[in-house]
Every structure is written in C-alpha cells, then in structure tokens.
Amino acid sequence: MKRIFFDLDGTLAEWKEAGMRELKSRGYFLNLDPQTEILDFARKLAKKENFEVYILSAFLTDCTALEDKNKWCDMKAPEIKNRNFVLNGTNKALSVMKILQKESLTDEDILVDDYSENLNEWKKYGGKAIKWLNGKNGRGIKFDGPRTSDINELARLISSAA
C-alpha cells in the first residue's frame, strides 16, 4: 500500500505571495484557487484501493488558517479524508512518522510538495519525495530529486516508487 502525501498551498491549491498580515487574514487560505489538474489526480488516487492519500499541510497559528484549510478540503477534496496539519515550521517527515508510529519512512511513503526543505527532510528520513513545480517555487534551497509539473509524469513517478 502506497501512502501519498500532498501538500496543500503551492501544490493542490495555488500559491500567492502575501505578507504575514494577508496570510493571517480570515479566509485567505479558504479562498485559494485549486490547481485543478493535480487536485483531480489526488482525488482519483484517493478512490483507489492500493493507495492511502493524505493532505499534509502546515498552518500558521493566531489566525483562521487551520479552519480555512479544513473548509477548503471539505469543499474541494472531500474524498481525501486523511488530513494532517502541522504547525508552520514543523518537520513534516517527523510529524508523519509520529502519526504512523514508524521509526522511518520508506519508498511507499511519497510526498508531493512544492517546498524543497520539506522534500529534503522527507528524503532524509527514507521517504520518496517529488517536487511539484508550480512556476513560483525555487528560491535558494535546492532539491536533488524528481520534479515535475506534468500529471502523467507524476503518475509515472508514483507508480515507479518502491
């Protein structure tokens, strides 16, 4: 069974540059446009028996980000029941290992994310990481691994895991 973890903002939803005040404003995350092609792909995977699909997203505190992200998922991705939200700045790999009660990740644990730091941490702990290219990522931190903005290529990379 493969577990696919999709990041939310910048991957399933658009990423918009914004200052902290805007990021913390009510409805900011709720009103992000879906990235339809990858969102539809994730929703279809969630219906297949040999995949566990998760949304794995960081959230800001002292605002409605967590509430907004959950509502966004309810509206745009109701098929994806597995949702893990971690505090912004938290290591996603360590959080998932704790949730799954595992000492390490494997090639069966796949992260699709636009943020290189998350991907590098995921690989460090044994998981397979795939960078989703959204046309806005790539400032400073490098990721040495598969990257794509093409759904067919993403499907191939996921199926070739393990």
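**Reading the fold and its cores**

Author: Of the 162 residues in this protein, 46% count as buried. Keep in mind that this is a predicted model.

Reader: Happy to start there! Which pattern does the protein follow along the sequence?

Author: Reading along the chain gives β-α-α-β-α-β-α-β-α-β-β-α. That comes from 6 helices and 6 strands.

Reader: How do I read two strands with a helix between them, and which hand does the unit of E2, H3 and E3 have?

Author: Check the strand pairing, then follow the path over the helix. Here strand E2 (residues 51-59) and strand E3 (residues 82-87) run parallel, joined by 6 bridges. One pairing to find on screen is alanine 58 with valine 86 in E3. With helix H3 (residues 65-76), the two strands form a right-handed β-α-β unit.

Reader: And side chains in a strand, where do they point?

Author: In a regular strand they alternate between the two faces of the sheet.

Reader: Now the interior. Which residues touch the most other members of the largest nonpolar core?

Author: Phe6, Leu12, Val112, Leu154 and Ile158 do, in a core of 33 residues. Elements supplying at least two residues each include strand E1 (2-6), strand E4 (109-113) and helix H6 (151-159). H2 gives the largest share of this core, 5 residues. Another core, of 14 residues, lies apart from it, with Leu56, Val86, Met97 and Phe143 among its members.

Reader: What is leucine 12 in contact with, leaving aside neighbours within four places in sequence?

Author: Its contacts include Phe6, Ile38, Leu39, Ile55 and Trp72.

Reader: Why would I call the overall shape compact or extended?

Author: Compare radii of gyration: a compact globule of 162 residues would have one near 15 Å, and the protein has 15 Å, so the two agree.

Notes. Residues numbered from 1 in each chain as written. Predicted model: local features only at pLDDT ≥ 70, side-chain atom pairs only at ≥ 80, totals over all residues. Heavy atoms only, no water. Pairing = 2+ DSSP bridges. Helix = DSSP H or I, 4+ residues; strand = E, 2+ residues; numbered from the N terminus. Right-handed = clockwise from strand over helix to strand, strands pointing away. Core = buried A, V, L, I, M, F, W, Y, C linked by side-chain atoms within 4.5 Å. Buried < 20%, exposed > 50% of the residue type's maximum accessible area, 1.4 Å probe, protein only. Contact = heavy atoms within 4.5 Å. Rg over C-alpha atoms; globule rule 2.2 N^0.38 Å.
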